[in-house]
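Biologist: Please show me the structure. I want to ask how each label is earned.

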Amino acid sequence: MNLHEYQAKEILAKYGIPVPPGRIAYTADEAKQIATEFGDTVVIKAQVHTGGRGKAGGVKLAKTPEEAREKAGQILGLNIKGFITKKVLVAKAVDIAKEYYAGLILDRVTQRVVLMLSKEGGVDIEEVAAERPEAIIKHAIDPHKGLRPFEARELVKRAGMEGNLNKLAQILVQLYHAYEGIDASTAEINPLVVTASGDVVAADAKIVLDDNALYRHPELSRLREEEAEHPLEVEASNYGFAYVKLEGNVGIIGNGAGLVMYTLDLVQRVGGKAANFLDIGGGAKADIVYNALKVVLKDPDVKGVFINIFGGITRADEVAKGVLRAMDEGILTKPVAMRVAGTAEEEAKKLLEGRPIYMYPTSIEAAKAIVAMTGGAQ
Ligand code: ADP
Ligand code: MG
């Protein structure tokens, strides 16, 4: 999960890293108001889930509140690499003497968190990385010892950084604590600014959280950018489903990502189009199937549902019970084609006997049937 710059900075600040004060504005007038309160030169910064905002015109200095209003007006609505800017960070401008780069990533090859450092930070770091990789030094951190202050001091020296090396080193240690503390997979400060007066501040921050560890951080999962995703995807993720909204009209529910993808392909092959991807996972009980149906049927595009279950650790009778509950509660108002095989298949068929559910012995037959029932090959 990607965080916005302002969210990442809030986290860094909690771990003791200095960041320029700033607030979020949704309108140009709000930006002006914040600039007035700061009473100083500010930067207006697009909050979108992509880097390279500076070069795309998404980061602008404003010397007066009126200028802040004007610049915010230009940035709000701006399309940066396909992301529309809906809010801006209005932050106090810092007097930049040097722009450095510091980043932590998980290196799967060495199985270590790797610290990357460069004295050539700022908006051109990608070019530096591509053209002069030697200008970026790398250090794999020992997971047992962590990043120790003396190592951090050696590293900032080795990177050729100037200024208050202790402060710089301390920020690296704090960045590592933050990275570990929130279970991040990436944490970058670019630029890490040394100001004209010798302070060190994080002027930009990028954090990617490890989705598999989000359950350990309920306060962070709330930061999920609800507006950036389809509302049904947000609802599905609250249920713990892997759900992706697609463009067709056949709702798909299956167990196991492989089977669900196969089901999408089958529907496509017989001329239909899937409305979604939904994997109920392994060992799903009736309530999970019921919730899956609720999510899929909330999509107004869905004209029918294809439930494809291979009973392994998932019991087919549990799936049937979930379907029955949805039916009894009046949620299941669209035709359903179903194929169940494997564990408790017979029990499932018995439970659904006499019910208006179309059962098929094979996936391909079920696919053809649901495509026919939802308007035929398109
Ligand atoms: P991006 O990396 O998406 O281009 P940044 O936040 O790094 O966005 O901003 C781009 C450049 O804008 C920075 O390298 C820096 O030179 C300048 N900048 C960003 N924040 C500030 C700030 N608070 N004060 C002064 N300059 C800033
Ligand atoms: Mg940056």
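The talk below sets values against definitions.

Modeller: This is a predicted model, where local features need pLDDT of at least 70, side-chain atom pairs count only at pLDDT 80 or more, and totals for chains, interfaces and linings use all residues. Residues are numbered from 1 along each chain as its sequence is written, chains are lettered from A and ligands numbered from 1 in the order in which they are written, and side-chain values use heavy atoms, with hydrogens and water left out.

Biologist: Why is Lys 245 called buried?

Modeller: Buried means under 20% relative accessible area, exposed over 50%, and partly exposed in between (1.4 Å probe, protein chains only). Lys 245 has 17%, so Lys 245 is buried.

Biologist: What makes the link between the side chains of Lys 245 and Asp 299 a polar contact?

Modeller: A polar contact is a pair of N or O atoms within 3.5 Å; within protein, one must be able to donate a hydrogen and the other to accept it, and residues adjacent in sequence count only if both atoms are side-chain atoms. For Lys 245 and Asp 299 the value is 2.9 Å. The side chain of Lys 245 also makes a polar contact with that of Asp 301, at 3.0 Å.

Biologist: Which residues are the protein donors of the magnesium ion, ligand 2?

Modeller: Donors are N, O and S atoms within 2.8 Å of the metal (3.2 Å for Na, K and Ca); water is not among the atoms, so sites may look incomplete. Asn 190 (O) and Asp 204 (OD) lie 2.1 to 2.2 Å from the magnesium ion, so they count as donors. Both Asn 190 and Asp 204 are buried.

Biologist: What does Asp 204 offer to ligand 1?

Modeller: A polar side-chain atom of Asp 204 lies 3.0 Å from an oxygen atom of ligand 1. The protein covers 88% of the 540 Å² of accessible area that ligand 1 has on its own (Shrake-Rupley method, 1.4 Å probe). Lys 45 also has a side-chain N or O atom 2.6 Å from an oxygen atom of ligand 1.

Biologist: How do you know that the buried residues of helix H5 share a side?

Modeller: Helices (H or I, at least four residues) and strands (E, at least two) are DSSP runs, numbered from the N terminus. In H5, residues 149-158, the buried ones are Glu 151, Ala 152, Leu 155 and Val 156. They cover an arc of only 135° around the axis, so they sit on the same side of H5. The arc is that of the directions from the helix axis to the C-beta atoms. On the other side of H5, Lys 157 and Arg 158 are exposed.
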